[in-house]
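Dear colleague,

As agreed, I am handing over the structure, which you will find just below. Please have it open while you read the notes that come after it.

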Amino acid sequence: MALKRVMVLTGGGDCPGLNAVIRGIVKRASQEKDWEVIGCIESFNGVLREPTEIMMLDEKTVEGLHMQGGTILGTTNKGGPFAWPVKNSDGTWSAVDRSDEMLRKLQYMGVDAVINIGGDGSQRISLGLAQKGLNIVGVPKTIDNDLSSTDYTFGFQTAVQICTEAIDKLVTTAASHNRVFIMEVMGRDAGWIALHSAVAGGADVCIIPEIPYNVNRIKEKIEQRYNKRRGYCIIVVAEGAKPIGGDVVGAQSSEVGYQHIKLGGIGNQLAEELRQAGVEHDIRCTILGHLQRGGTPVAFDRILASEFGVRAMELVINGQFGQMVAYQHPDIVAVPLEEAVKAQNLVDPKGELVHAAKGLGIEFGN
Ligand code: F6P
């Protein structure tokens with residue numbers, strides 16, 4: 001019986017659980033007699049580069065991967081088959097579409113199907129390639145939890161756990177020094193990490209992109225938390241947050257092929273705005289940054305990632321391409337890629353968790 005070959009890759013920013021998906025795919029494939037799995041290094045770069053960078057994936061290679069953070073395949077959030085960076089003679093860079101060339105190479109390599117594990121940017125690439133006839137299945141990942149067709153992406157719960165533990169630690173130092181602590185967390189345009197960790201960590205203020213803030217409201221909350229001089233206040237701010245009528249804090253990246261604005265700096269900006277508004281307590285800002293993406297996945301993310309891996313491989317076995325696996329409680333379902341990339345999953349300011357947070361006295365600053 002001729003072996004069929006599925007190629008797996010991880011694209012976009014890494015997140016805890018990627019390895020558990022790879023393990024799920026390989027373990028499920030190994031139950032079939034006619035499928036073998038190869039891994040492509042650094043998203044599609046392994047195919048686009050010469051010499052090709054791929055690795056065989058078998059049960060031995062994936063042993064113990066359920067608990068390992070990062071991705072054994074490597075990843076990148078720059079470039080890709082539709083926008084491959086090429087240096088011009090004057091030193092500037094242009095983006096070149098190499099998708100047709102890549103599809104020809106995949107055919108030459110005997111690749112029958114591809115599983116692309118990645119966030120919204122990666123799934124847009126999956127859609128583009130599916131429209132050109134590639135047999136492709138998507139698996140959603142991101143700590144940001146901002147994909148609309150899945151209740152959760154794996155990696156998110158681990159990031160929330162890391163942020164919650166960070167708040168627990170900040171509380172003791174904040175209380176000892178009577179300080180205001182601002183903790184800046186990731187999430188791009190979505191406030192999910194900030195909202196969940198603010199509730200789990202018992203923060204006083206939660207500032208998210210979906211609810212632009214008025215600094216005076218935050219100042220009032222801080223003053224409530226102090227009895228004259230003594231007290232402390234914990235503020236969680238999402239990196240994509242902005243003041244009412246203002247803009248996000250970030251900068252265009254100078255890294256070749258990086259297409260996003262690099263968000264970051266709102267925590268320190270907010271600290272300065274609070275001082276300007278007359279807050280006289282000490283204010284310190286902690287930026288958790290990439291710590292939120294590191295380390296071992298929590299159990300929820302291991303389970304979700306494993307379910308996604310198994311189901312993605314089953315879609316391949318059944319020839320159901322152009323789909324992305326998704327979690328729609330209590331089921332793992334397949335969603336057409338067109339639908340999967342249509343909208344972002346953002347926090348609803350009128351939603352249940354914002355309501356509960358308000359009930360707990362958490363101030364959103366609006
Ligand atoms: O999308 C995941 C994410 O961690 C965002 O929360 C963050 O804004 C961005 O990636 C950081 O990207 P990089 O790893 O390129 O700094």
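What follows goes through the ligand site and then through a number of individual residues and peptide bonds. Please keep in mind throughout that this is a predicted model.

**The ligand and its surroundings**

The ligand is surrounded by N77, I143, D144, M186, G187, R188, E239, Y258, K262, H290 and R293. Sorted by class, this shell consists of five charged, three polar and three nonpolar residues. The space that the ligand takes up is the largest pocket.

Which polar atoms of N77, G187 and H290 come into play around the oxygen atoms of the ligand? In the case of N77, a polar atom of the side chain lies 2.9 Å from an oxygen atom of the ligand, and for H290 an N or O atom in the side chain is 3.0 Å from a ligand oxygen. With G187, by contrast, the polar atom is one of the backbone, and an oxygen atom of the ligand is 3.1 Å from it. On its own the ligand has 400 Å² of accessible area, and the protein covers 84% of that.

**Two cis peptide bonds**

As general background, most peptide bonds are trans. The peptide bond from E50 to P51 is nevertheless cis in this model, with omega near -5 degrees, and P51 is found in the loop between α2 (45-48) and β3. A second cis peptide bond runs from H329 to P330, where omega is near 5 degrees; P330 belongs to the loop between β16 (323-328) and β17 (331-336).

**Positive phi at E42 and S43**

Most residues other than glycine have a negative phi, and the following pair may therefore be worth a look on your side. E42, although not a glycine, has a positive phi of about 55 degrees, and S43, likewise a residue other than glycine, has a positive phi near 55 degrees. E42 is placed in the loop between β2 (35-40) and α2, and S43 lies in the loop between β2 and α2 as well.

Are E42 and S43 buried or exposed, or partly exposed? E42 has a relative accessible area of 27% and is therefore partly exposed, whereas S43 counts as buried because its relative accessibility is 10%, the limit for burial being under 20%.

**Buried side chains with polar contacts to the backbone**

Q292 lies in the loop between β15 (283-287) and α9 (299-317), and since its relative accessibility is 0%, it counts as buried. The side chain of Q292 reaches the backbone oxygen of G289 at 2.8 Å.

S253 is found in the loop between β13 (250-252) and β14 (261-263), and with a relative accessible area of 16% S253 is buried too. A polar atom of the S253 side chain lies 3.0 Å from the backbone nitrogen of E255.

**Residues with more accessible area, and some distances**

Why does K87 count as exposed? The relative accessible area of K87 is 54%, and exposed means over 50%. K87 lies in strand β4, and its C-alpha is 36 Å from that of A312, with the two positions 225 residues apart in sequence numbering.

Q31, in the loop between α1 (18-29) and β2, is exposed as well, because its relative accessible area is 58%. The C-alpha atoms of Q31 and V21 are separated by 16 Å, the two residues being ten apart along the chain.

I72, finally, lies in the loop between β3 (54-57) and β4 (84-87), and at 27% relative accessibility I72 counts as partly exposed. I72 and Q259 are 187 residues apart along the chain, and their C-alpha atoms are separated by 24 Å.

With best regards

How values were computed. Residues numbered from 1 in each chain as written. Predicted model: local features only at pLDDT ≥ 70, side-chain atom pairs only at ≥ 80, totals over all residues. Heavy atoms only, no water. Near = heavy atom within 4 Å. Polar contact = N/O pair within 3.5 Å; in protein donor to acceptor, adjacent residues only side chain to side chain. Areas by Shrake-Rupley, 256 points an atom, 1.4 Å probe, with all protein chains shown as cover. 1 Å grid on protein atoms, 1.4 Å probe; cavity = no way out; pocket = protein on both sides within 12 Å on 5 of 7 lines; lining within 4 Å. Sits in = over half its atoms within 2 Å of the grid points. Nonpolar A, V, L, I, M, F, W, Y, C, P; charged D, E, K, R; others polar. Helix = DSSP H or I, 4+ residues; strand = E, 2+ residues; numbered from the N terminus. Buried < 20%, exposed > 50% of the residue type's maximum accessible area, 1.4 Å probe, protein only.
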